[in-house]
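Open the model in your viewer and keep the sequence panel visible. The stops below are given in the order in which to select them.

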Amino acid sequence: MDIIGQYLHSLAGLPAADATELSYRPALHNLLEGLAKELGGGITVLHEPKRTLYGAPDFAIHAAGGAVAGYVECKKPGENLPLMSQGAQLRKYAALSPNILLCDSYRFLLLREGNIFDQASLPLKKAGKGEKEKLRMVIRKFLEHSPERIGDRRQLAKNLAVRCRWLRDGLAGILAITTPPTGSRPHALYRTFCEEVFQELTPKEFAGAFAQTLIYGALLARLNVPEKKKLTLRLEEHIPGSFSLIAELADFLKDLEKPLYGDLKPIIDDILTVVNWMDAAAVAESLTYRKRTADESDRWLYFYEEFLAEFDPALRKTRGVYYTPPEVVRFIVGAAERILIKDFGIAEGLSDSEQVTALDFAAGTGTFMLEMFRRVLEGKSPAMREQLLKGHILQNFHGFEFLIAPYAVAHIKLAQFIKDNVRPLHESERLRIFITNTLEPPAISEGAMSGVLSGFLPALSNDVKNAQNVKKQPVLVITGNPPYSVASQNKGEWINKKIADYKSIDGESLRERKQLLTDDYVKFMRFAQWKMQDVPRGVIAVITNHGFLENPTFRGMRKSLLDSFDALYFLDLHGNANREETTPSGGKDENVFDIRQGVAISLLVKNPKTKIRGVFHADMWGLRKEKYRVCGESDMDSIKWRKIKPVNPFYLFVPRNERVAKEYKKFHSIRDIFSLANVGLMTRRDAVAIRFDESDIERTVQDFGKMNTRDLREKYGILEDSVNWEVAKVRKDLAENAGRILPVLYRPFDSRFTYYTGKSGGFHSRPIDGVMRHMLAGENIGLVTVRQFKTGKTWQHCSIVRGLMESTCISNKGSEINYLMPLYRYESEAGKNGRKKTENFTKSFRDWIDARYRVKFQPESIFSAIYAILHSPNYRRVYAGCLRMDFPRVDFPKDAGEFRRLSTIGKKLIRAHLLQDGAGKLAKIKGKSAHVKRANYCEKKKRLHINENAFFAPLPPEVWEFKIGGYQPLKKYIDARKGRELTLPEITVIGKAANAIAKTIALMAEIDGGGEKAKAKKGKG
């Protein structure tokens, strides 16, 4: 009987009723091994045991030499194999190898690059000769596949990253064991890193970092052993002594024979197979620093970027880690060196071993240190390079990094650079890059170090101690690219106390929302500033978020920096997608990173003897490639700096028209006009607390009264409670407090429904009842605006509301939270029923406006005039910079007649925005169905399509593109209803909103069309 006949015979002996997927594997194993022997050539078939912590293919096929040639995945007979071949599991396996055999014991699909390449089937009973030969041919094609030897860094990064994910998941599974057995190395390592490096490290984050370190340890070892020698689990034996911490962590691999790590060993074996099979010489050549090209001056950086993109693209976002393009690094480090030479009189610049010490306080993969090393060694003789290496680079250049993986990459790539440009590091030599949290206090004593630490991880112990010493030593240059993350995980007491200095000016509290000051980059800047306070001179050269240059929240930080440094240079690289930034000519402006937040280079010079003092600013606009080119080709002296003078109260680090600012400051602030104002209501669970119609919100309230918590969470997608919203507290609120179903302005022209009890910490997180109750007590309207604006190129951040409003109804940016200023207040009177209605103007403002016009204008007239002034295009253009800083200020005309004219226009705007006018001629619906797929505007036909056969028309482009705050109202309204059928009231709203916008555009032109003052201002800029 031939081998396929034997296979069928084995299958026939299985009890069909009790057979499982595992029942068929022995027969399949024998079939694969038999056909492999027929082919010869050293092919081996390895049966992978079932994993408890992660999924893996059932069989791995190894070619001669040990390289993985492919994988086999076996399913139960009768499964839909073509469908499974496109599923997530097979896509994951295809990332490991392009050669996959998917079978159900009777049907076999040969997959190449995830697609069906060939297939064969056997009948359940007797197979004919042709069917057997077809199966033999398909399996032989699978077994004969030659694994490609990896010699390209990109291919290697992808292959290692896929396996690193598996290793991370396996390690995370082990760390999830809450009562680990004695001696569990991963648990001990995790505790140690939390105690000594970064307290906020989660088990999954550590698992990912540790997995990456083991991957890079294997790669490092492979690049340091002869071509013919194969790596084993004794990896640490092949890692040079200059990489002591990496070797120390790789020592864990010796434990893989223990039962606890049974699931990890096959993954590590697979990783070792990849690195053993790679073309080490070709990989080393692709990562060398002997060849320097314009686009790849830091090849290890690109390798790590490629690896990270495949391994965990979300990691950089959660940690706020963005690796700086080499061209930008060259400019920053070059600028720092120029300051050393020209301002400090250090002729040798960074090469001066007597005077120069440098610290990269967020070293990452060592990109800034690489550029500093390059400048130190460039143009020097071999003998001089040797002396600079021993007496300067290995003594005076320091780096701090708390993520293990980039720390490992930094050590590997900088050692490679030194090897290519000087010589290999000796076993006793090591770079001064330390694993540490920069923002932890510098005064940890040796007695405070863990007694277990030095014996368990001596290399880590030395890193922590050495880092603490550097924090205490004077440093001349601090450089780097700190992480950007408002939701900072660096919450240590020491750095938070230092940040407190940014929350006041000259001892007076700024009374700001302080969240932005907790951003990681601010903390790193504060650390650098602290390091400079005890040295006679020094320079900080960094790239960060550019928000601190002008955001009002940072005025204390700006004043503090002004007090600490003698010369401050800021090169704003812009690229802020949140502000929709464009070049001054209206062209496209791109970020130098893959982020939405704009960035800036800061050069802060402390030198009491400097001849050039003050604050200097410059802009760089345009496409990313052009910014790279300019940074790569420019130096500090070729930049056209503009000297600016930051002044009280904001101390701005950006230029502005001080004449306009001085004029604007004379106007009345909205906050000085209205006595009562606060933000809109906050739900923290919009999907629960705000619904499209009354019946929906009524059902929601009933559900919270009747359904059990588990069913509630499932129905409403509430995975977990938050600090400000808990299911139990919502139930309590609804049970104890009578509420009402009320309309709430959710977005421009988009009124929905909520259930309002007015109690905080319940159905609504913060209903802000102190303001909202006045909107509900009687006839009232309220002005909606923001304290500062960041969205869009111009200020368009005001609207009107009648009733409740949600806190992001005109913008959902955190810094643009929406404030409500009611026109009237309703206060209870002692001994009387009902409430007394009074205007919500401050007494000082009412006295001023009465005296100005010598007429007692009604509250509605004053309110309407304010609304019109805030809609003046000329006002928005002239005072755009000022409007970014604080609540809007109102420029009241001198003439009472002009005031009346504006008030009349304002009343028309208010009616339009409250949709109190008729439907008008615009945006009539046409088509068969009002089912919304998405908003799709056709400018040529002036139509707003909601699906293939229905649209609203006519709709002029200027109406479609009109914005209120951060939203394009018509687009926002339609897109919010994707998948729903528009109701008749919603169709009516769309028509009314379109006509209201058209009327607004006409009225805004009319505002600036009359009055001598408005006409005179048209020339201002």
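The tour covers one strand residue, one helix pair and two cysteines.

This is a predicted model, in which local features need pLDDT of at least 70 and side-chain atom pairs count only at pLDDT 80 or more, while totals for chains, interfaces and linings use all residues. Residues are numbered from 1 along each chain as its sequence is written, and side-chain values use heavy atoms, with hydrogens and water left out.

Select Arg752, in strand β22 (residues 750-756); strands are DSSP runs of E, at least two residues, and helices runs of H or I, at least four, numbered from the N terminus. Arg752 has a relative accessible area of 9% and so counts as buried (under 20%, with a 1.4 Å probe, protein chains only). Now add Asp750: its side chain makes a polar contact of 2.9 Å with that of Arg752 (a pair of N or O atoms within 3.5 Å, one able to donate a hydrogen and the other to accept it; residues adjacent in sequence count only if both atoms are side-chain atoms). Beyond four places in sequence, Arg752 is in contact with residues including Phe692, Tyr746 and Arg977 (heavy atoms within 4.5 Å).

Next, select helices α27 (residues 694-706) and α29 (residues 727-736). Val701, Phe704 and Gly705 in α27 meet Val727, Val730, Arg731 and Leu734 in α29.

Finally, select Cys103 and Cys74. Their sulfurs are 4.1 Å apart, too far for a bond, as a disulfide requires sulfur atoms within 2.5 Å. Cys103 is buried, at 0% relative accessible area. The structure holds zero disulfides. Cys194 is also buried, at 13%.

Methods. Buried means under 20% relative accessible area, exposed over 50%, partly exposed in between (1.4 Å probe, protein chains only). Axes are lines fitted to C-alpha atoms, for helices over the stretch in contact, and angles run from 0 to 180 degrees between N-to-C directions.
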